[in-house]
Amino acid sequence: MQRWLTHIIVFLSLVSFGQNANHLALSYTPGFTLAHRADIKNLAAHNFGLELAFESDKSNTNWGKYYNKPSVGYGVLYYNLGKEETGHAFGVLTHVKLNLIKVGKSDVKFRMGAGLAYLTKKFDVYTNRRNQAIGSNLNGSMQFSLVAHTPVRNNLDYIDYGISISHYSNAAFKVPNLGYNIPSLTFRYGFNVGNNRLDGEVENSVLQKYDWRATLIYGKKQRNFAAPQDFYNFGLQLRGLKNVSKVKAWRFGLDYTLDKTYQFSEDNNVALDSISLIDKSEFAVAAGFQWSFGKADVIAELGAYLYKPAVLKNPISQRMGVAYRFTENISAQGTLRFHRGVADFFEIGVGYTL
């Protein structure tokens, strides 16, 4: 009898550890639009956001065991932006939440999310010229939070409370593009809605020391607020990935990009099809880190230009974004390249890993 009881207890323990808890979370984020530039002081206002998200704990997945209590979520987001000129935001957001430290009964967690949003009000020279922050209805959104995570109701539900900052912009796709930065408080309640069994994925036990990836990129941006001009960038990124673990890797490599805005910045009457290859070529080195969450990789890099045709851009660039691996070899990439907080353009890419 004792032996059978032992077997039953072990079996139940394995079942419980082989499941992921799911929550339906409702959040409220009261905050204010930050006037980070003098041009948009008139848009500063108190505002609030609401989010409804489905969140799943991933601690027991093949990739989740490399992090501290990770979870992922998908949700819909609404923001009342506080003024007639700014209107409302409706969007979708996917996020990752990671545990940092434990304080008493609570975990301190970092939450980062990204998605798309539709903003009801944008700049219009005739009807909304006071809004010089947003030039398009469709925008990208990002949200970063630091919260205390406290289990309640016998550890089934949870409460999050802390601080966050949200950002909306179109990555220089259309001018103006100063964007909205919204610091806020965050209050979230997560209702337990059951557990999911693991899908029985078989983990590849072989970890290569290096991977090598080539990515073709494309991007569109707009310049000249008075008379907007569209530019289409193309390029090639070569990256070496030095794998630290199954979910973390250092990144290093070279960038080559074709960008006609250098000559346009010096003479906005220049014929774009007359610009020579050398006058639109950028060469740069880049290095950074990536974190993998299943098939998705979060990328952060710094770059330094080896050659650029004019002074137009800062010598140091930054890049943040996500790559998704469809197979072991084929991937898609979306990253924002920027300089000291100013967006250059959003890179859309297709990559091949050797």
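How many helices and how many strands does the protein chain have? There are two helices and 16 strands in this predicted model. The legends below go from the whole chain to single residues.

**Figure 1. Overview of the protein chain, a predicted model of 354 residues.** The C-alpha trace spans about 90 × 50 × 30 Å along its principal axes. Of the residues, 44% count as buried. The chain exposes about 18700 Å², and carbon and sulfur atoms supply 65% of that area. Charged side chains number 39 positive and 27 negative. The centres of these two sets lie 5 Å apart. Contacts with a separation of 6 or more were also sorted by distance in sequence. Residues 24 or more positions apart account for 59% of them.

**Figure 2. Close-up of the barrel formed by eight strands.** The strands close in the order β9-β10-β11-β12-β13-β14-β15-β16. Their pairing is antiparallel. On average, neighbouring strands of this sheet are turned by 25 degrees against each other, direction ignored.

**Figure 3. Close-up of strands β11, β12 and β13 in the barrel.** Strand β11 covers residues 248–258, and strand β12 covers residues 281–293. The two run antiparallel and are joined by 11 bridges. Tyr256 stands opposite Phe283 in β12. On to the next pair: β12 meets strand β13, residues 296–307, in the antiparallel sense, again over 11 bridges. Here Ala287 has Leu302 of β13 as its bridge partner. The hairpin of β12 and β13 has two residues between the strands. In this hairpin, Gly294 takes a positive phi near 70 degrees.

**Figure 4. Close-up of the pairing between strands β14 and β15.** Strand β14 spans residues 316–325, and strand β15 spans residues 330–339. Eight bridges join them, and the strands run antiparallel. Met320 stands opposite Leu336 in β15.

**Figure 5. Close-up of Arg340, in the loop between β15 and β16.** The strand that follows this loop, β16, covers residues 342–353. Phi of Arg340 is near 50 degrees, a positive value in a residue other than glycine. Is Arg340 buried or exposed? Arg340 counts as exposed because its relative accessibility is 69%, and the cut-off for exposed is over 50%.

**Figure 6. Close-up of Lys69, in the loop between β2 and β3.** Strand β2 covers residues 46–57, and β3 covers residues 71–80. Lys69 has a positive phi near 50 degrees, though the residue is not glycine. Most residues other than glycine have a negative phi. Lys69 counts as partly exposed, at 35% relative accessibility.

**Figure 7. Close-up of the cis peptide bond between Val175 and Pro176.** Omega of this bond is about -5 degrees. Most peptide bonds are trans. Where is Pro176 placed? Pro176 sits in the loop between β7, residues 157–169, and β8, residues 180–197.

**Figure 8. Close-up of Asn192 in strand β8.** Asn192 has a relative accessible area of 25% and is therefore partly exposed. Which residues does Asn192 touch, not counting those up to four places away in sequence? They are Ala21, Asn22, His23, Leu156 and Asp157. Asn192 and Leu156 are 36 residues apart in sequence. In space, their C-alpha atoms are 5.6 Å apart.

How values were computed. Residues numbered from 1 in each chain as written. Predicted model: local features only at pLDDT ≥ 70, side-chain atom pairs only at ≥ 80, totals over all residues. Heavy atoms only, no water. Pairing = 2+ DSSP bridges. Helix = DSSP H or I, 4+ residues; strand = E, 2+ residues; numbered from the N terminus. Axes fitted to C-alpha atoms, helices over the stretch in contact; angles between N-to-C directions. Buried < 20%, exposed > 50% of the residue type's maximum accessible area, 1.4 Å probe, protein only. Contact = heavy atoms within 4.5 Å. Areas by Shrake-Rupley, 256 points an atom, 1.4 Å probe, with all protein chains shown as cover. Lys, Arg positive; Asp, Glu negative; His and termini not counted. Charge placed at Lys NZ, Arg CZ, Asp CG, Glu CD.
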